[in-house]
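Please look over the sequence and the model below before reading on. The paragraphs that follow go from the interior to the surface.

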Amino acid sequence: AGLSGNITLQQGPRSDQLGHMGGAQPGAENTLEEPVSETILRDLKRIAFKLKYVLIPRSAEQEKAKQLRDWDLWGPLLLCLFLALTLSISSSSGSSEQDTASLVFGIVFVVVWVGAAIVTINAQLLGGNVSFFQSVCLLGYCIFPMNVASLLVIILGFVPYIKIPIVLAGFAWSTLSSIGFMTQLVPESRKALAEYPVILFYLFLGWFILVI
């Protein structure tokens, strides 16, 4: 007897069902055929939109949480590179050694990403309802006030005693922006344990800005 039967091919997900890398919601428009300039402009607008919630920490907490859950790593990467670059320039201005600037750049880059990963793992171990990349994205965007502080220190560094208030303001701003979101993700009884590593993370960056 001959063998017969039907072979059913399972179709993959349609392009309109695929989310876009970086945390976009399913159903996002297909951007594979758009010009590169348009893609870059859209990503820059998204970064600027998220920075608004960092600049105004206590406004629209629910909307802020929604936007930051739509994570991306482009914004944190740019802010990390900017901070590392400004601090390496600041270190080279006081010393002619190029190796010092390279070392500072590497230290800042590693501390930002490793520190953000440690803070994220700590929040997850405390029962936090957040994904790894969402938390890293949040902590990365909240570095922005430290970027502003490092830039102001370079510009106004010649003014006596101006460094400390600038860095303290940047530290407080970054900490307030991130803690307001992180503490919503962990149980009430463990909020202090979630806040402590966040404070240490930005405190180290602030100290590094001061000593460079």
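In this predicted model, the largest cavity has a volume of about 50 Å³, and the count of cavities of 30 Å³ or more comes to one. Its lining is made up of P76, C80, V112, W113, A116, V136, L139, G140, I143 and F201, and three helices, α3, α4 (98-125) and α5 (132-141), each supply at least two of these lining residues. Rolling a probe the size of a water molecule over the atoms is what shows where empty space of this kind is left.

One of the lining residues, C80, leads to the question of how the cysteines are placed. C80 counts as buried because its relative accessibility is 0%, where the limit for buried is under 20%. C137 is likewise assigned to the buried class, because its relative accessible area is 0%. How many disulfides does the structure hold? The structure holds zero disulfides. C137 is in no disulfide, and the nearest cysteine sulfur, that of C142, lies 9.0 Å away; a disulfide would require two cysteine sulfur atoms within 2.5 Å, so the pair formed by C137 and C142 does not qualify.

The framework around these residues can be described briefly. The protein has eight helices and zero strands, so that, read along the sequence, its pattern is α-α-α-α-α-α-α-α. Of the 212 residues in the protein, buried residues make up 38%.

From the interior, the description now turns to the surface. There, F82, L85, I89, V148, L151, L152, I154, I155, L156, F158 and V159 form a nonpolar patch, and together these residues have about 900 Å² of accessible area. Helices α3 (74-94) and α6 (144-156) each supply at least two residues of the patch, which means that α3 takes part both in this surface feature and in the lining of the largest cavity. Which helix gives the most to the nonpolar patch? That helix is α6, with six residues.

I154, a member of the patch, is found in helix α6 and serves as an example of how its accessibility is classed. I154 counts as partly exposed because its relative accessibility is 36%, a value that falls between the limits of 20% and 50%. Residues enter a patch with over 30% relative accessible area, so the 36% of I154 satisfies that condition. C80 in the cavity lining, by contrast, has a relative accessibility of 0% and counts as buried.

Terms used:
Residues are numbered from 1 along each chain as its sequence is written. This is a predicted model: local features need pLDDT of at least 70, side-chain atom pairs count only at pLDDT 80 or more; totals for chains, interfaces and linings use all residues. Side-chain values use heavy atoms; hydrogens and water are left out. Buried means under 20% relative accessible area, exposed over 50%, partly exposed in between (1.4 Å probe, protein chains only). Patches are made of residues with over 30% relative accessible area and no salt bridge: like charges are joined within 9 Å, nonpolar side chains (Val, Leu, Ile, Met, Phe, Trp, Tyr) within 5 Å. Accessible areas come from the Shrake-Rupley method with a 1.4 Å probe; for residues, only the protein chains shown count as cover. A salt bridge is a side-chain nitrogen of Lys or Arg within 4 Å of a carboxyl oxygen of Asp or Glu. Helices (H or I, at least four residues) and strands (E, at least two) are DSSP runs, numbered from the N terminus. On a 1 Å grid over the protein atoms alone, a cavity is a set of points where a 1.4 Å probe fits but cannot get out, and a pocket is an open set with protein on both sides within 12 Å along at least five of seven lines; lining residues have an atom within 4 Å of a point. Grid points are joined across faces, edges and corners, and a volume is the space filled by probe spheres set on the points.
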